[in-house]
Amino acid sequence: MTQSAKSNFDAIIAGGGLIGLSIGYGLSRLGLSVLLLDAEDTAIRAARGNFGLVWVQGKGAYFPSYADWTMRSSELWPNLADELQDIDGPKLGLHQNGGLSICLSEAEMQQRFDKLEYLRVHQNGRFHFEMLDRAAVKEIMPGIGPRVVGAAYCAHDGHVNPLYLMRALQTGLIRNGGVCLSNSPVSDIRKNGSTINVSTPKGNFECQRLVLAAGLANAGLAPMVGLEQSVTPQKGQIVITEKLDQQLSLPTLLLRQTDEGGLMIGDSHEDCGFDTSVSPTVVSGIADRALATLPALADVGVVRSWAALRVMSKDGYPIYDQSETMSGAFAISCHSGVTLSAAHAFDLAGYIAEGELGQELDGFSQRRFDV
Ligand SMILES: Cc1cc2nc3c(=O)[nH]c(=O)nc-3n(C[C@H](O)[C@H](O)[C@H](O)COP(=O)(O)OP(=O)(O)OC[C@H]3O[C@@H](n4cnc5c(N)ncnc54)[C@H](O)[C@@H]3O)c2cc1C
């Protein structure tokens, strides 16, 4: 990330995670001059520790606008990947051939069916899924264990390398004339006429549009623009195996195989504040379920594990807001930043460039919690 000789930009993004980079890239491809400000290397970063699913099944089952927004992003993903493919660097590793939610009991099958059927009935005909019995799952994943009863298959699901995605978005942003500054956390925000002034340890900058996309730090930044973002951390732990021949042709909620061959195993959820330690008990719980799915994993070496913090709102859905007291300022927090990257880069960036969030995002305001 480089120094900036310039101090006035069309848009400033606070936060260099997946949300900030997706929106920043999106604004830059529309021709806006963009400055992306990121905090220190020690900052909390969900974007560097996630699982990489582009996941639709089950999302927004009881929040139709979120189901629509997720589906929209999944549909836009091939366009984003095509655009980013022209950028130098490793391939994104996007595969959108569908995904499986493995069920280890009839009760899990029924629960999954109920949720996805509710989603199908309440959506506009775009969402499709199939419940597969054990024999059908075995055709896709020959190594499944005896406890696997079946799975839900959804053709809209997929996965991507989230680190290569971040790299491509940043390279694209810079190629479009954007500037990225690290070690530059936003410390103060003021309005001066029609301009927004942003202070950092590396200097002060001006803009017409400001996007707060600082993940968990949005809770502290949002009040500076007259908004609230009630987000809290939720820990997820992930285990990585040694590189293997192809074991999985499709990702599941618990297991995915990267293009390089390693298996990622994850899907834990813990509320334990800002603690990012890896705990053997949780890791062994993750491993137990993985072994029930694919028993051959018992002989596979684990090469590393980590924990990262999800950016969670009170109901788990994104918060999209624009300030009423500081026009031009927006605050965006969400879990599922990989899945929503395409909607953020295209649709959301378009709204921000125009200065007004689209109607389909009305239900996502922090105001929904004011009851
Ligand atoms: C274990 C785990 C698994 C996940 N799996 C998936 C998945 O499979 N699919 C999916 O879609 N999503 C997944 N996610 C969620 C996804 O990673 C997040 O939605 C996304 O990374 C959030 O990005 P963010 O940019 O909001 O936050 P972060 O990545 O946390 O980035 C925030 C950035 O803000 C910067 N910052 C902090 N303070 C300031 C400041 N004052 N000024 C400027 N910058 C600041 C930080 O340096 C940081 O770079 C997962 C998350 C976790 C933790």
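Arg289 and Glu108 join their side chains in a salt bridge, with 2.9 Å from N to O. Keep in mind that this is a predicted model. The chain splits into three parts: domain 1 (8-50 + 163-229 + 316-366), domain 2 (99-155) and domain 3 (232-312). Here's a quick tour, starting with how domain 2 meets domain 3.

**Where domain 2 meets domain 3**

- Put the C-alpha centres of domain 2 and domain 3 on a ruler and they come out 20 Å apart.
- For this contact, domain 2 brings 16 residues and domain 3 brings eleven residues.
- Together the two domains bury about 1,100 Å² between them, and carbon and sulfur atoms account for 65% of that.
- On the domain 2 side, Leu100, Leu104 and Met141 are the big contributors: they supply 38% of the area that domain 2 buries against domain 3, more than any other three residues.
- As for charged pairs, the rule finds one salt bridge across this interface.
- Polar contacts add up to five residue pairs between domain 2 and domain 3.
- Two elements, β4 and α3 (106-122), each give two or more residues to the side of domain 2 that touches domain 3.
- Of that side, β4 provides the largest share, with four residues.

**A look at strand β4**

- Strand β4 covers residues 99-103, and five of its five residues are buried.
- Both of its faces are covered: Gly99, Ser101 and Cys103 sit on one side, Leu100 and Ile102 on the other, and all of them are buried.
- Its partner is strand β6 (residues 150-154), which runs antiparallel to β4 and is joined to it by five bridges.
- Within that pairing, Cys103 of β4 stands opposite Gly150 of β6.

**Two loop residues with positive phi**

- Some background first: most residues other than glycine have a negative phi.
- Asp267 goes the other way, with a positive phi near 115°.
- You'll find Asp267 in the loop between β14 (262-266) and α7 (280-293).
- Ser336 also has a positive phi, near 65°.
- Its place is the loop between β17 (329-333) and α8 (341-354).
- Are these residues buried or exposed? Asp267 has a relative accessible area of 40%, so it counts as partly exposed.
- Ser336 is at 10% relative accessibility, and buried means under 20%, so Ser336 counts as buried.

Definitions and conventions:
Residues numbered from 1 in each chain as written. Predicted model: local features only at pLDDT ≥ 70, side-chain atom pairs only at ≥ 80, totals over all residues. Heavy atoms only, no water. Buried < 20%, exposed > 50% of the residue type's maximum accessible area, 1.4 Å probe, protein only. Pairing = 2+ DSSP bridges. Domains from an automatic or database assignment. Contact = heavy atoms within 4.5 Å. Buried area = accessible area lost by both parts, 1.4 Å probe. Salt bridge = Lys/Arg side-chain N within 4 Å of Asp/Glu carboxyl O. Polar contact = N/O pair within 3.5 Å; in protein donor to acceptor, adjacent residues only side chain to side chain.
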